[in-house]
Amino acid sequence: MAKFFTPAQISEFKECFALYDKKQKSKIESKDLITVMRCLGTSPTPGEIERHLLVHKIGKTGEVDFSTFLIMMHRQMQQEDPKNEILEAFRMTDKQKKGQIQAAELRAKLTTLGEKLTNKEVDDLFKEANVKSNGVINYEAFTQMVTLPPVDY
């Protein structure tokens, strides 16, 4: 798994994994798997967790060792693609199939649906993406900008 993750990622994973290794045997209980994976930035569903456990023949009351956990994390990270998920959501609302959305419409969606943003958060997002509050947004370019990895100083 070392070829799929950076040393920093593996270190972060080990640190989080160790917090749930209650017996200090380098294993976590399978019931804690979803929590550990979510703590590390993935969003597995209970069904996805069941599939991960099934693939490795681990029961709901079993334990997951660290090397198996790395394989599960790799598979989970591969199947999660926030950029495509965001683009798909935009495409579903794009009735004319023009690849654009009005800034006011996007603001309304971001402040009222799902994990709601504040108007200030939307202002900051629009400022970063050079969006005029009365403008039209090319949602592919916008999605590219909001899914860039954060700057690591």
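Leaving aside its neighbours within four places in sequence, which residues is Phe69 in contact with? In this predicted model, the contacts of Phe69 outside that stretch are Phe13, Phe17, Leu33, Val36, Met37, Leu40 and Val64. Phe69 is also, together with Phe13 and Leu33, among the residues with the most contacts inside the largest nonpolar core, which has 20 residues.

**Domains and annotation**

- The protein chain is divided into two parts, domain 1 covering 7–79 and domain 2 covering 82–147, and the centres of domain 1 and domain 2, taken over C-alpha atoms, are separated by 33 Å.
- An unreviewed UniProt entry lists "domain: EF-hand" for residues 8–43 and 81–116.
- Over residues 8–43 the chain is 53% helix and 8% strand, with end C-alpha atoms 20 Å apart, while over residues 81–116 the chain is 61% helix and 8% strand, with end C-alpha atoms 21 Å apart.

**Nonpolar cores**

- The largest nonpolar core has 20 residues, and the elements that give two or more residues to this core are the helices H1 (7–19), H2 (33–39), H3 (46–55) and H4 (66–79).
- Of these contributors, H4 gives the most to this core, with 5 residues.
- Apart from this core lies another one, of 11 residues, which includes Phe90, Ile101, Ala103 and Phe126.

**The two faces of helix H3**

- The buried residues in H3 are Glu48, Ile49, His52 and Leu53, and because they fall within an arc of 140° when seen down the axis of H3, they line one face of the helix.
- What covers the buried residues of H3 includes H2, strand E2 (63–65) and H4.
- The face of H3 turned away from its buried side carries Arg51, Leu54 and Val55, which are exposed.
- Following H3 comes Lys57, whose phi is positive, near 55°.

**Cysteines**

- The count of disulfides comes to 0, where a disulfide would require a pair of cysteine sulfur atoms within 2.5 Å.
- Cys16 is in no disulfide, and the nearest cysteine sulfur to it, that of Cys39, is 4.5 Å away; likewise, Cys39 is in no disulfide, its nearest cysteine sulfur being that of Cys16.
- As for accessibility, Cys16 is buried, with a relative accessible area of 9%, whereas Cys39 is partly exposed, with a relative accessible area of 48%.

How values were computed: Residues are numbered from 1 along each chain as its sequence is written. This is a predicted model: local features need pLDDT of at least 70, side-chain atom pairs count only at pLDDT 80 or more; totals for chains, interfaces and linings use all residues. Side-chain values use heavy atoms; hydrogens and water are left out. A nonpolar core is a set of buried Ala, Val, Leu, Ile, Met, Phe, Trp, Tyr and Cys residues joined through side-chain atoms within 4.5 Å. Buried means under 20% relative accessible area, exposed over 50%, partly exposed in between (1.4 Å probe, protein chains only). Helices (H or I, at least four residues) and strands (E, at least two) are DSSP runs, numbered from the N terminus. Contact means heavy atoms within 4.5 Å. UniProt positions are given in the numbering used here, feature names are shortened, and annotations may be inferred rather than shown by experiment. Domain bounds come from an automatic or database domain assignment. The arc is that of the directions from the helix axis to the C-beta atoms.
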